[in-house]
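Trainee: I'd like a close look at a single part of this structure and whatever surrounds it. Please pick a spot and build the picture outwards from there.

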Amino acid sequence: MQGNVPQNLKWDPAQLNAQLALYRDLSFAAEPAELIVWPETAVPVLKEQASGYLAMMDRFARERGAALITGVPIRQPNERGEPRYYNALSVVGEGSGDYLKQKLVPFGEYVPLQELLRGLIAFFDLPMSDFARGAADQPLLQAKGLKIAPYICYEVVYPEFAAGLAAQSELLLTVSNDAWFGTSIGPLQHLQMAQMRALEAGRWMIRATNNGMTALIDPFGRIDAQLPQFERGVLYGEVQPMQRLTPTCSGAPGPWRSSAPCCWPGPCWPAAWPARSRASLACGPAIEQRVGEQAERLVEQQAALPHRPGLRQPAAARAPIGHAEKAQRRRDHLQALALETPARPRHVPGLGHQHHPGDPARPSSSALRVAFSQVVRLAPSCQRTATP
């Protein structure tokens, strides 16, 4: 659900009841659904202070056979018994669990060196800018029997962090309040980063925001449904729980894997499959072979290029040489450049890079981009190998 609450009203105490009524009424009027998601800090007051309101929404969700996940600040004591505040997600209805945000925004959710900076400049006294960091070993959220990996705001930007949670989950969920960005391209970039996390994990992602971009993202990183930005509305859709791991999330040893979840630097394709189904992973070796063939062709094409000073030959075309010969070749190369390169005119500001005759030629990367796109287009074929 997308409430489209203006940022200047978000933390206004006089607007608290109006905001609580807004999401209550949107939920009451919505079509029945098994999972209802409100955005980050949709309840702009501490959870303990909104206990009656959340109890009402808990009863409503249970009557509909649904789980409701909402953003709400939580106050909890730390290990020393001191009260700390957390940016959190909480589940009511047919689900359970709280998630405390781990990746905090500097100066937005906490102030580095706040003992020195807090109170020095009014900018550092933003609303809700004294959050604490949640523990790293938190359990996933549970809703309607599903294990959901939660990400609050820009936590979805971190590939390795996102992969660690996604590897344990069946569904991804990210909530945000991007009203801070105004009409800039920030919300669009944030959405693109979320699409990449869904692609890397091979899982459906639900993205709920205050004023956009609210969307459903499929396991291939494609937007399945989306609400317009800066409008109030409810987005309906269906998602499929997924199991198994992609190379990005897998902890198994292999040529592109490590002993812990990490971001795979090469082309990604979903290798996760719908829950409770059998599947063949034969597409993995096929793609590996295709990547190898493309790499060999690139080496052959580069080896066929005429050699010029400054153009490095491929490794396959170079014979091993000693340190003395390397030093001599370097001196010869520098001398050749000094003799062959004409004097260059003064750079004119504002014209960007100016190419001059005599500049060393550079190998083109177009062949590499074509090869990469051909590999990526193989991704949908993996989904067809799944069998019910």
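Mentor: Let's begin with empty space: the largest cavity holds about 40 Å³. Before going on, note that this is a predicted model, so local features need pLDDT of at least 70 and side-chain atom pairs count only at pLDDT 80 or more, while totals for chains, interfaces and linings use all residues. Residues are numbered from 1 along each chain as its sequence is written, and side-chain values use heavy atoms, leaving out hydrogens and water.

What is a cavity here? On a 1 Å grid over the protein atoms alone, a cavity is a set of points where a 1.4 Å probe fits but cannot get out, and lining residues have an atom within 4 Å of a point. Points are joined across faces, edges and corners, and the volume is the space filled by probe spheres set on them. Searching the whole structure turns up one cavity of 30 Å³ or more.

Now for the walls. Among the residues lining the largest cavity are Tyr151, Pro159, Leu172, Arg197 and Cys249. Helices (DSSP runs of H or I, at least four residues) and strands (runs of E, at least two) are numbered from the N terminus. Helix H5 gives the largest share of the lining, four residues, and H5 and H6 each supply at least two.

Leu172 takes us into strand S8, where it is buried on one side along with Thr174 and Ser176, while Leu171, Leu173 and Val175 are buried on the other. Buried means under 20% relative accessible area, exposed over 50%, and partly exposed in between (1.4 Å probe, protein chains only). Since six of the six residues of S8 (residues 171-176) are buried, the strand is largely enclosed by the rest of the structure.

Which strands lie alongside? Two strands pair if DSSP finds at least two bridges between them. Strand S7 (residues 146-152) runs parallel to S8 and is joined to it by five bridges, with Ala149 partnered by Leu172. Between these two strands the chain passes through H5 (residues 159-166), giving a right-handed β-α-β crossover. Right-handed means that, with the strands pointing away from you, the path from the first strand over the helix to the second runs clockwise.

Strand S9 (residues 205-209) is also parallel to S8, again over five bridges, and Leu173 sits opposite Ile206 there. With H6 (residues 186-201) between them, S8 and S9 make a right-handed β-α-β unit too. S9 is then joined by three bridges to S10 (residues 215-217), and that pair runs antiparallel. Zoom out and you get an open, mixed sheet of seven strands in the order S4-S6-S7-S8-S9-S10-S11. Its edges are S4 (95-96) and S11 (223-226), each pairing on one side only.

Back to Leu173. A nonpolar core is a set of buried Ala, Val, Leu, Ile, Met, Phe, Trp, Tyr and Cys residues joined through side-chain atoms within 4.5 Å. In the largest core, which has 40 residues, Leu173 is one of those touching the most other members, together with Ile69, Leu89, Ile148 and Tyr151. Ile69 has contacts (heavy atoms within 4.5 Å) that include Leu89, Ile148 and Leu173. In soluble globular proteins, nonpolar side chains tend to be buried together.

Key
On a 1 Å grid over the protein atoms alone, a cavity is a set of points where a 1.4 Å probe fits but cannot get out, and a pocket is an open set with protein on both sides within 12 Å along at least five of seven lines; lining residues have an atom within 4 Å of a point. Lists of a residue's contacts leave out its neighbours within four places in sequence.
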